[in-house]
Amino acid sequence: MWFTVALITAIFFSIASGQNAFAGAVGFGAAATGGNDGTTVYVTNLNDSGTGSFRDAVSESNRIIEFNVSGYIELASAVSLSSDITINGQTAPDDGIGIMAGEVSASGQNNIIIRNLRIRQGTLDSDTGKSAFNMGDTSNIILDHCSFEYGQWDTVDAVGAVNITVSNSIIALPIGQQFGAHVETGPSTFYGNLWVSAHNRQPLAKDNTQYINNIVYNYQAAYTTADTSGDFYHDIINNYFIAGPSTTSSGDAFFQVNAGQTVYASGNFIDSNKDGTLNGEADNTVGGATVASTPWADTSLNMAMLSAAEAYTSVLENAGATPRDEVDSYVVSLVKSLGTEGAIIGSQDDTGLSNGGYGTL
Ligand SMILES: *[C@@H]1O[C@H](CO)[C@@H](O)[C@H](O)[C@H]1NC(C)=O
Ligand SMILES: *[C@@H]1O[C@H](CO)[C@@H](O)[C@H](O)[C@H]1NC(C)=O
Ligand SMILES: *[C@@H]1O[C@H](CO)[C@@H](O)[C@H](O)[C@H]1NC(C)=O
């Protein structure tokens, strides 16, 4: 029932504030309109390029991209999105659509909506300097119900990105540098995401940030500011940080945060005992941050409808691309062990999943 309430509330707030990416869109990327005024273009094969391919579909602006095929598109090189694009992965039949073996890049573009897309870079991409999703210098972008795994540089690289939302998504099992997301410039919103088995950057927030209802599992360091690019404001509300086998210091849920950062923290929990039960303790002391008594962003409290424990249930049920596939099911199963399963990995192979670790769609 709480989920229904949250959904209705989210829809209400999206209408009330004139946000229009889709019903329920939240945060700084929610005003993106994508390709809504343009034409619908169908991806009709899984080819890397050519007529009917994803690469061809996203090569021009003012498009809504839909899918007549399901399965993995194996990239031969990074694919660049155009501005004013909507990608509706949920239109794919059967098991849905995934992109593997290369970076998807929105670099330098503006006004993008992406939903229900799986992006799994992995070691089949020989360019270790690339990420699963690159939104460097991108503006007005919302990524919702997406699944990002096996990123090499960052999973989501958002250096120089302005007005961004990552919501209801899975950011898991990074390889290479083993990082989650890196944001500079902003503002950014991270809402209702599941972050699993990263060394650090969940996210690295060098911007004004909303971080609400996230679940972070098996972290070495989670919410990080690093303090080297300036002083920012952070609303950190109703998140659950859960230690796993790779967690050496559960207090690193908040990492490298000094008094230059101003933080409103409320309703956060850390479960540090790895005992197979969700039984964390409240922890709203964010490093050495300057404590704010009210959020900096006026939408933060309305967005925080679920407690951290409610978010755990909701996020495990709903995060990531629909329908949930082999890789995401594996990721969620690790979290449900609540401390006993999970590792920070070097290759998708290490998961033991089918298709060389990419899973089968
Ligand atoms: C897609 O790739 C296959 C295999 O290389 C090829 O036979 C087919 O012609 C391609 N389709 C298009 C529309 O280019
Ligand atoms: C793709 O799907 C759309 C919508 O159902 C349909 O109109 C179109 O003909 C399909 N294209 C192909 C090549 O199957
Ligand atoms: C970001 O969003 C704000 C508020 O809607 C808007 O004023 C600003 O122009 C946007 N920035 C960019 C680069 O689009």
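Modeller: Contact here means heavy atoms within 4.5 Å. This is a predicted model, where local features need pLDDT of at least 70, side-chain atom pairs count only at pLDDT 80 or more, and totals for chains, interfaces and linings use all residues. Residues are numbered from 1 along each chain as its sequence is written, chains are lettered from A and ligands numbered from 1 in the order in which they are written, and side-chain values use heavy atoms, with hydrogens and water left out.

Biologist: Which residues does Ser-188 touch, not counting residues up to four places away in sequence?

Modeller: Ser-188 touches Phe-28, Ile-164, Val-183, Asp-207, Asn-208, Thr-209 and Gln-210. Ser-188 itself lies in strand β15 (residues 181-191). Strands are DSSP runs of E, at least two residues, numbered from the N terminus.

Biologist: Why is Ser-188 called buried?

Modeller: Buried means under 20% relative accessible area (exposed is over 50%, partly exposed in between; 1.4 Å probe, protein chains only). Ser-188 has 0%, so it is buried.

Biologist: What makes the pairing of the Ser-188 and Asp-207 side chains a polar contact?

Modeller: The distance is 2.7 Å. A polar contact is a pair of N or O atoms within 3.5 Å; within protein, one must be able to donate a hydrogen and the other to accept it, and residues adjacent in sequence count only if both atoms are side-chain atoms. The Ser-188 to Asp-207 pair therefore qualifies.

Biologist: Why does Ile-164 count as buried?

Modeller: Its relative accessibility is 0%, so Ile-164 is buried. Ile-164 sits in strand β13 (residues 156-167). Among its contacts beyond four places in sequence are Phe-28, Met-135, Val-183 and Ser-188.

Biologist: How do you know which residues surround ligand 3?

Modeller: A residue is near a molecule or strand if one of its heavy atoms lies within 4 Å of it. Asn-140, Val-162 and Asn-163 are the residues around ligand 3. An oxygen atom of ligand 3 is 2.8 Å from an N or O atom in the Asn-140 side chain. For the side chain of Asn-163, the corresponding distance is 2.3 Å. Alone, ligand 3 exposes 360 Å², and the protein buries 31% of that. Accessible areas come from the Shrake-Rupley method with a 1.4 Å probe; for residues, only the protein chains shown count as cover.

Biologist: How do you know that strand β17 (residues 204-212) and β20 pair?

Modeller: Two strands pair if DSSP finds at least two bridges between them. β17 and β20 have four, in the parallel sense, so they pair. Thr-209 stands opposite His-234 in β20.
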